Each structure stands twice: as C-alpha cells, then as structure tokens.
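Trainee: I would like to learn how to read a model feature by feature. Where should I begin?
Mentor: Begin with the charged pairs, then go on to the core, the surface and single residues.

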Amino acid sequence: MEPMELAVLGVIVVVAVCVVSPKLGVAAPLSLVAVGVGLSFVPGVPDAQVDPEIILAGVLPPLLYASAVTMPITDFRRDLKAISGLSVVLVVVTSSVLGLVLPLVVPGIGFAEAFALGAIVSPTDAVATSIARRTGAPPRLLTVLDGESMLNDATALVLLRSAIAATGVTVSVLEVGLHLLQAVVVACLVGVVVAGFSLAIRSLVKDATVATAISFVVPFVAYAPAEHLGGSGLVAVVIAGLGIGSRGYVELRPEDRVAERINWRTIAFLLEGAVFLVMGLQLRPLWDDFQSTGQSVGLVAAVAAIVLGVVMVSRVLFNAFLLVTLYGDRKQHEASRPRIAALRDFLASPEAQRHSEARRERALRAIERREHDITFYGEQRLRPRDGLVLTWAGMRGCITVAAAQTLPPDLAQRDLLVLVAFTVAGASLLVQGGTLGWVVRRLGVVDDRAEARREQLGLLITALADVSQSRCDETEAEGLDGRPVDPSVVQHVRRRSTPAAEWAWAGVEGPEREQLLQDFRELHLRVIEDQREALLALRSAGRYDSLVIGELLDRLDAVQATGR
C-alpha cells in the first residue's frame with residue numbers, strides 16, 4: 001500500500017473512531033490504541049515502523065504548542081510550583097528509584113539502563129486532561145495535569161540522553177544536573193525570542209490565512225535552534241506557545257486568533273489520533289523482535305508490573321508531599337493579607353507621593369495580583385481527593401513508546417526494555433484511562449463552582465456594559481473622530497453591545513428565561529442554516545456574483561460563530 005493511501009486510510013480510521021467512541025462511553029485515544037493493536041495482528045497490515053525522531057521532533061512540537069498557546073498564563077503561573085515539581089522533581093525521583101530497584105531483580109540490567117527506562121516511563125500523557133475535562137474536574141486540577149504533560153517530556157528526554165551516555169562513560173550527578181539546567185535556560189531564552197519575533201511578524205500581516213500559516217512553523221522554529229544550542233527543544237516550544245498565547249489577544253487581530261484556534265485544533269486532533277493509532281500498530285513488530293530474543297512473556301509482565309508499581313508509589317508519595325506543601329503555602333498566603341493591606345494603605349498615603357505615579361501604579365497592580373492569587377488559592381484549593389485523581393491521571397502514552405525506540409541497538413536488554421515500556425504505556429492508558437472518569441465521579445472531584453462562575457459572569461457582563469455605555473456616551477457627545485453620528489446607530493450599538501439589555505425581553509432569571517433564550521438561539525441558528533442553503537443554491541445557479549454571495553456567507557459564519 002502506498003504512503004498516500006496509508007495516510008488517507010489513517011485519517012479515516014481516526015475520524016471514525018473519534019465519532020464512535022463517545023457513543024460507547026470510551027475515550028477516543030484508548031479506542032485508537034485498541035484498534036491499532038487489533039489491526040497490527042491482521043494479516044496483510046504493514047508493520048508500523050516509524051522513526052522515533054518523527055514523533056519527537058515532528059509530532060510532539062506542534063502538539064505541545066497547540067496545548068501551550070491555549071493555556072492561560074495566569075493559571076500556569078499560579079500553579080508553577082506544582083507543575084514544575086511534577087514535571088521535573090517527580091521525573092528525576094522516579095527514574096532514580098527505578099535505577100536502583102530494577103538491577104536487583106532483573107539480571108543483565110545496570111543502573112544506567114534501568115535509569116533510562118525510568119526516564120522513558122516517567123512522563124505522563126496529555127490524554128489524561130482530555131478525559132478529566134469531560135468528567136467536570138476542577139479547572140485548577142486540569143491546569144496542573146496539562147502543565148505537567150507539557151513539560152515532563154523535556155525532562156525525561158534530557159535524563160534519557162544522560163543515561164544513554166552513562167552506559168559508555170561515567171557521568172556524575174552534577175553533570176546531569178548542569179545539563180538539565182542548561183537545557184531549561186537555553187530553551188526559555190529561545191522560546192521567548194521566537195514568541196516575540198512571531199508576534200511582531202504576524203502583527204504586520206493583514207491576512208488571517210497567512211498569519212495562521214506562519215504559526216504552523218513556530219513550533220519547529222523554536223525546537224530546532226534550542227536543540228542545536230544544547231537546550232530542550234520541547235521546553236522552547238512550550239515557552240513560545242505560552243508567550244504567544246498570553247500576548248496574542250493584544251498583538252493579533254480577532255480573525256487571526258479565530259483562524260489559528262480552529263486550524264491548530266484540527267492539527268492537534270489529527271496528530272494525536274495518528275500517534276495513538278500508530279502506538280497500537282507497533283505492538284506486533286515489537287512483539288516479534290522480543291520473541292526473537294528467546295525471553296519469556298512472564299519476564300516482560302513481571303518487569304512491567306515492578307515498573308508500574310514503582311511509578312505509582314512514587315507518584316502517590318510525591319503528590320502527598322505536594323499537597324502538604326501547598327497547604328503550608330496557602331496558610332502563608334493568608335497570613336500575608338495584613339502586610340498587603342498595609343502596603344495598599346501606604347500607597348494611598350501622602351508619604352508615597354514622593355514616588356512617581358508610574359511606580360505607584362506598578363506597585364498597586366502587583367498588590368492586586370497578589371490579592372487575587374490569595375483568593376484563588378483559598379477558593380480552588382487542592383484537597384486529598386484531588387491528589388488521588390492527580391495520581392490516577394498520571395498515565396503514560398506516546399512519548400514513552402517513542403522514547404523507548406531511541407535506545408541504541410547495542411544497549412543491554414534493549415528489546416526487553418522497549419517492550420516493557422510499551423506494556424507500561426498500554427496498560428496505563430487502558431486501565432487508568434479507562435477508569436479515570438469513574439474515579440473522578442466516585443471521589444466527587446467535580447467543579448462545584450457553578451454559582452461562583454455565574455456571579456463572575458454577571459460582573460463581567462456588567463463591566464462590558466459599562467464600557468459600551470461609556471463609549472456610546474462619548475460618541476453621542478463628540479461623534480466619531482469629530483464626525484457626528486446618527487443617534488439610531490448609537491442606540492443600536494448600545495443594544496448589541498450589552499447582552500443583559502439584548503436579553504431583557506426574556507424576563508427575569510429562572511428556568512423560563514433559560515428556555516426562552518435556548519429557543520431563541522436554536523431558532524436563530526436554524527434561520528441561518530436556511531439562509532446559507534438559499535445562498536448556496538443561488539451561487540450554484542450562477543445568478544449572482546460569487547464574491548457578493550461569498551461575503552454574505554462569511555457574515556453568516558461570523559454571526560453563527562458568535563451566537564448573535
């Protein structure tokens with residue numbers, strides 16, 4: 001079968017499985033792995049021999065970028081301690097423990113080989129976030145899971161390289177630490193530079209298609225230089241994505257953001273689906289390679305069980321330590337409220353007037369941010385049951401399988417290590433991934449802040465209404481750029497820019513109002529669909545100019561996208 005035919009067939013399988021899986025109540029990535037495993041044993045299906053560098057350098061950068069660019073930078077900053085602990089400290093601890101344990105129970109494996117396997121199975125997969133999100137898990141828990149899966153890949157790969165190097169020569173712990181530090185520092189610098197240049201260039205482009213096309217190369221532009229300079233390309237991609245995501249609402253046009261969001265969502269969907277499908281397809285070739293060594297299946301199962309046990313125990317203990325640490329931090333944050341209030345009073349005092357206004361404003365913004373952070377930590381605290389979900393959500397995936405295949409051919413017990421890594425990843429995905437939703441519901445770890453969100457939504461709508469009214473009042477008095485504006489225009493803008501006023505016809509808050517608004521949206525969407533169908537029929541008939549009809553179709557798309 002030709003590569004093009006395989007690619008088309010792969011896309012069809014990914015789409016079909018992702019459509020059917022929700023109806024079966026199974027996460028799509030899990031179904032894709034299972035389908036891939038089944039297909040791998042079908043006669044005539046070619047071996048899925050994929051160069052691991054394609055995954056590490058060609059697939060992971062865009063996947064990580066797609067996650068990072070949508071990550072709220074404020075949420076990432078607030079949970080940086082938890083994210084960095086899980087993605088760096090836990091990976092190092094897990095790799096070290098496996099490096100000490102496995103040589104005691106598996107003959108022919110030394111510390112370096114066992115440490116390498118630990119680095120391979122340590123990083124978690126982002127599929128946990130997608131499963132937990134559908135169960136209604138709290139947003140803070142999702143942020144930690146998402147941030148961990150974005151950064152621990154880089155830590156694991158740096159440790160893996162050090163472990164492979166240690167199989168030939170002696171490498172000290174200090175050298176590994178310095179290598180990791182260098183990789184992070186270089187990656188951060190490269191990521192910041194790439195984000196800045198990308199935003200500067202795209203802000204000059206007035207075509208959303210061109211701007212989106214530029215974004216397609218950003219992950220690789222960040223990855224390649226960082227790797228060349230001795231840094232972590234994956235960390236550079238994440239930093240670039242975070243930077244662009246945080247500044248995109250200021251530097252980019254709305255249509256650029258909409259186009260980028262839709263296109264990157266599609267790319268991430270196809271790449272992630274393809275990775276899990278290929279992961280399943282690789283089972284038979286891996287199994288054939290292992291059988292040629294003459295080793296028993298029991299050995300694979302035993303080693304995989306030991307590895308999974310060490311991984312889970314390490315994660316349980318670390319998460320317990322993390323929750324205790326976060327609890328202490330929260331107490332310290334609450335204790336700092338009087339000092340923060342005193343600083344606020346000082347900024348309002350005559351003594352503070354000797355400082356420049358800009359300096360006082362910066363200090364006031366910092367105080368307000370600190371106050372909001374303290375409120376956040378108090379309202380969205382991580383409890384022991386959240387820690388249990390955080391532990392169970394630590395499933396392994398595609399990065400484990402891809403990293404395992406980068407082990408050099410002459411490494412001791414390579415075939416065993418690769419198959420163990422695949423077994424750990426597959427078992428983790430199927431067992432933990434298949435039961436994560438049940439665990440979340442059983443523990444009651446659901447987002448119960450609906451009332452708080454409604455309150456914040458009301459406050460935000462009021463704030464937007466105030467902004468609209470202020471601009472409209474100014475326009476009534478002064479016009480647009482000194483040019484008078486018809487009062488009917490201002491009146492219509494007032495209504496359309498104030499959701500509360502636009503929805504006032506539906507009555508007071510309650511079930512009846514919600515039903516009226518739901519019916520309004522449904523009827524509105526059906527009218528748009530009828531209008532679109534009529535325009536397409538007219539375009540097919542050739543009666544009107546295609547450009548005019550195209551413009552009207554674009555307007556209908558914009559109206560439908562905003563729900564207005």
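Trainee: How many salt bridges does the count come to?
Mentor: Keep in mind that this is a predicted model. Side chains of opposite charge can pair when their charged atoms come close. Here the count comes to 15 salt bridges.

Trainee: Which residue forms a salt bridge with D79?
Mentor: The partner of D79 is R140, and their closest N and O atoms are 2.8 Å apart. D79 sits in the loop between helix 4 (73–78) and helix 5 (80–105), while R140 belongs to helix 8 (residues 139–166), so this salt bridge ties together parts that are 61 residues apart in sequence.

Trainee: Is D79 buried or exposed?
Mentor: Compare the relative accessible area with the cut-off: buried means under 20%. D79 has 2%, so D79 is buried. R140 also counts as buried, because its relative accessibility is 6%.

Trainee: What does R315 pair with?
Mentor: R315 forms a salt bridge with E148, the closest N and O atoms being 2.8 Å apart. R315 lies in helix 14 (residues 297–335) and E148 in helix 8, so the pair ties together parts that are 167 residues apart in sequence. Both R315 and E148 are buried.

Trainee: Where do R247 and E251 lie?
Mentor: Both are in helix 11 (residues 233–251), 4 residues apart, which is about one turn of the helix. Their side chains meet in a salt bridge of 2.9 Å, N to O. R247 counts as partly exposed because its relative accessibility is 38%, and E251 counts as partly exposed at 32%.

Trainee: Which residues are linked in a network of salt bridges?
Mentor: R77, R78 and D373 are linked in such a network.

Trainee: Now the interior. How many residues does the largest nonpolar core have?
Mentor: To read a core, take its number of residues and then look for the members with the most contacts inside it. The largest nonpolar core here has 122 residues, and V307, V420 and L436 have the most contacts within that core. Helix 19 (residues 414–443) gives the most to this core, with 13 residues. Apart from it lies another core, of 5 residues, including I528, L535, L553 and L556.

Trainee: What does V307 touch?
Mentor: Leaving out residues up to four places away in sequence, V307 touches L98, L102, L117, V121, V420 and V424.

Trainee: And the surface: which residues form a nonpolar patch there?
Mentor: V11, V15, V19, V20, L24, V26, F269 and L270 form the patch, with about 610 Å² of accessible area together. Helix 1 (3–24) and helix 12 (254–281) are the elements that give two or more residues to this patch. Helix 1 gives the most, with 5 residues. L24 is found in helix 1.

Trainee: Is L24 buried or exposed?
Mentor: The cut-off for exposed is over 50%. The relative accessible area of L24 is 63%, so L24 is exposed.

Trainee: Let us take single residues. Where does T124 lie?
Mentor: For a single residue, place it in its element, check its accessibility, then list its contacts. T124 lies in the loop between helix 6 (111–121) and helix 7 (127–134). T124 is buried because its relative accessible area is 3%. A polar contact of 2.9 Å joins the side chains of T124 and N152. Beyond four places in sequence, T124 touches E148, S149, N152, D153, R315, G394, M395 and R396. Two of these, R315 and E148, form a salt bridge discussed above.

Trainee: Where is P61, and what does P61 touch?
Mentor: P61 lies in helix 3 (residues 52–68). Its relative accessible area is 0%, so P61 is buried. Not counting residues up to four places away in sequence, P61 touches I55, L56, P219, F220, Y223, L234 and V237. P61 and R315 are 254 residues apart in sequence and 26 Å apart in space, C-alpha to C-alpha.

Trainee: One last case: where is S232 found?
Mentor: S232 is in the loop between helix 10 (208–228) and helix 11. S232 has a relative accessible area of 4%, so S232 is buried. Leaving aside neighbours within four places in sequence, S232 is in contact with A154, A183, A187, A226 and E227.

Note on methods. Residues numbered from 1 in each chain as written. Predicted model: local features only at pLDDT ≥ 70, side-chain atom pairs only at ≥ 80, totals over all residues. Heavy atoms only, no water. Core = buried A, V, L, I, M, F, W, Y, C linked by side-chain atoms within 4.5 Å. Buried < 20%, exposed > 50% of the residue type's maximum accessible area, 1.4 Å probe, protein only. Contact = heavy atoms within 4.5 Å. Patch = residues over 30% accessible without salt bridge, like charges linked within 9 Å, V, L, I, M, F, W, Y side chains within 5 Å. Areas by Shrake-Rupley, 256 points an atom, 1.4 Å probe, with all protein chains shown as cover. Salt bridge = Lys/Arg side-chain N within 4 Å of Asp/Glu carboxyl O. Polar contact = N/O pair within 3.5 Å; in protein donor to acceptor, adjacent residues only side chain to side chain.
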